[in-house]
Amino acid sequence: MAGRFAPRPTRATVRGGHVGVPAGAVGGVARGVPRPGAASGAGRVRTFVPDGPLDLGLVLGPLRRGPGDPTFRAMPDGSVWRVSRTPVGPGTLRVVAQGGAVRGEAWGPGAEWLLEQLPELLGAADDPSVFTPRHRVVAEARHRRPGLRLTRTGLVLESLIPSILEQKVTTDEAYRAWRLLVRKFGEPAPGPAPGGMCVMPDARAWALIPSWEWHRAGVDNKRASTILRAVRVAARMEQAVGMPAGEARARLEVVPGVGPWTSAEVVQRSHGAADAVTVGDLHLPGIVGWALAGDRDADDSVMLSLLEPYAGQRHRAARLILLSGRGPGRRAPRMPRGDIGRL
């Protein structure tokens, strides 16, 4: 029944990386039927056959920064488009599940790099079989989401910059800033990408953004300064991909303004780090506490204690809890959205 009736998205499931990708399920793999002419212009192609169930919306969902993200698009034909700045240049990637395989097509200077990384992007480096649920809510979420794999992008800055933008503001504010800055200072996506898709700026372009443009995008000086410090050592940041997740986090946190919350959010995506649980979050401890112990007032220490049975897989457990939709109801008004660009 879990394969036939997918749970409806909620605030928590969206936070857990749920992106709706129209598809069926054949052979345990989500299948989308490409629309004729959906991707005009021949690109380089690679086919990947996963070794188990795979849900594109769950695997790639954490890479989307809001519904208007210029670097990510889920299409009605079941395809997912991503635009990345790879080590060899910008590239556009289109992936669609067909039968028991996933077809990737790429364009631009970074096309070969994107296709080489395709299996890891789709969770080939992740092993969900080592995870053992210890709570009923986690077991039910895993049963309902058999296609969950942890992605590994192999890229740091594309996760680090939007994660910095998300520090201590509402998600709407952060998504708006990312959308405005990428569209204004990035470059058009190579290949036949859907309209409006852009490649994020390179390190030099980020460094040259004028102070008033950060302000217009609603980014305060603290977050803008952190991004500027990070892009000045962009090469050192990207080298962290070759390190274990713990060492990579230590390197990221050398940059003033990058703390445990931000480094965890980055390595979850760049490394596919199954144990990088996010601490310092406003909502996550309460959601985990409520789902596992009925404690809506749980703090980080309580959350980590509850997740201790999942040592080595705490991030996966937290994602499953978010995807379960089990969370406490609101007790206070929604945090007001600010816009310093109006000042």
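**Entry 1: Leu157 and helix H6**

I looked up Leu157 and found it in helix H6 of what is a predicted model. Its relative accessibility is 6%, so I recorded Leu157 as buried, the limit for that class being under 20%. I then listed its contacts, setting aside neighbours within four places in sequence: Leu157 touches Pro162, Met200, Ala234, Met237 and Glu238. I also noted a pair that is distant in sequence: Leu157 and Val266 are 109 residues apart along the chain, and their C-alpha atoms are 8.5 Å apart.

I next asked how many residues of H6 are buried. The count is nine of nine, and I entered the helix as mostly covered. The buried residues of H6 include Glu158, Ser159 and Ser163 as well as Leu160, Ile161 and Ile164.

**Entry 2: Met200**

From Leu157 I followed the contact to Met200. I located Met200 in the loop between strand S9 (198-199) and helix H8 (203-207). Is Met200 buried or exposed? I found a relative accessible area of 7%, which means that Met200 is buried.

Not counting residues up to four places away in sequence, Met200 touches Arg85, Leu157, Glu158, Trp178, Val182, Gly186 and Trp206. Two of these partners, Leu157 and Glu158, appear among the buried residues of H6. I also checked Met200 against Val83: 117 residues separate them along the chain, and 8.1 Å separates their C-alpha atoms.

**Entry 3: Lys168**

I turned to the loop between helix H6 (157-165) and helix H7 (171-185), where Lys168 is found. Its phi is positive, about 55°, although Lys168 is not a glycine. I recorded a relative accessibility of 75% for Lys168; the limit for exposed is over 50%, so this residue counts as exposed.

**Entry 4: Helices H12 and H13**

I examined the packing of helix H12 (residues 245-252) against helix H13 (residues 260-270). Their axes are 9 Å apart and the angle is about 135°. Why did I enter the pair as oblique? Angles of 65 to 115 degrees count as roughly perpendicular and those over 145 as roughly antiparallel, so an angle of about 135° belongs to neither class and is oblique. I noted the crossing of H12 and H13 as right-handed.

On the H12 side, the contact is made by Ala245, Ala248, Arg249 and Leu252; on the H13 side, by Pro260, Ser263, Ala264, Val266 and Val267. I classed the residues of this contact as seven nonpolar, one polar and one charged. Val266 of H13 is the residue I had already paired with Leu157 at 8.5 Å, C-alpha to C-alpha.

**Entry 5: Helices H5 and H16**

I examined helix H5 (residues 136-144) and helix H16 (residues 314-324), whose axes come within 8 Å and cross at roughly 80°. This angle makes H5 roughly perpendicular to H16. H5 contributes Val137, Val138, Ala141 and Arg142 to the contact, and H16 contributes Leu320, Ile321 and Ser324. I counted five nonpolar residues in it, with one polar and one charged.

I then asked how many of the residues of H16 are buried. All eleven of the eleven are, so I described H16 as largely enclosed by the rest of the structure. Among the buried residues of H16 are Arg314, His315, Arg316 and Arg319, together with Leu320, Ile321 and Ser324. Just after H16, I found Gly325 with a positive phi of about 80°.

**Entry 6: Thr47**

I placed Thr47 in strand S3 (residues 44-48). Leaving aside neighbours within four places in sequence, I found Thr47 in contact with Ala101 and Val102. I also compared Thr47 with Val96: the two are 49 residues apart in sequence, with 9.8 Å between their C-alpha atoms.

**Entry 7: The chain as a whole**

I closed with the totals. The protein chain holds 16 helices and nine strands. Of its 343 residues, 53% count as buried. I recorded an accessible surface of about 15,400 Å², with 53% of that area belonging to carbon and sulfur atoms. Among contacts with a separation of 6 or more, 69% join residues 24 or more positions apart.

Note on methods. Residues are numbered from 1 along each chain as its sequence is written. This is a predicted model: local features need pLDDT of at least 70, side-chain atom pairs count only at pLDDT 80 or more; totals for chains, interfaces and linings use all residues. Side-chain values use heavy atoms; hydrogens and water are left out. Helices (H or I, at least four residues) and strands (E, at least two) are DSSP runs, numbered from the N terminus. Buried means under 20% relative accessible area, exposed over 50%, partly exposed in between (1.4 Å probe, protein chains only). Contact means heavy atoms within 4.5 Å. Accessible areas come from the Shrake-Rupley method with a 1.4 Å probe; for residues, only the protein chains shown count as cover. Axes are lines fitted to C-alpha atoms, for helices over the stretch in contact, and angles run from 0 to 180 degrees between N-to-C directions. A crossing is left-handed if the near helix is turned anticlockwise from the far one by less than a right angle, and right-handed if clockwise. Ala, Val, Leu, Ile, Met, Phe, Trp, Tyr, Cys and Pro count as nonpolar, Asp, Glu, Lys and Arg as charged, and the others, Gly among them, as polar. Angles under 35 degrees count as roughly parallel, over 145 as roughly antiparallel, 65 to 115 as roughly perpendicular and the rest as oblique.
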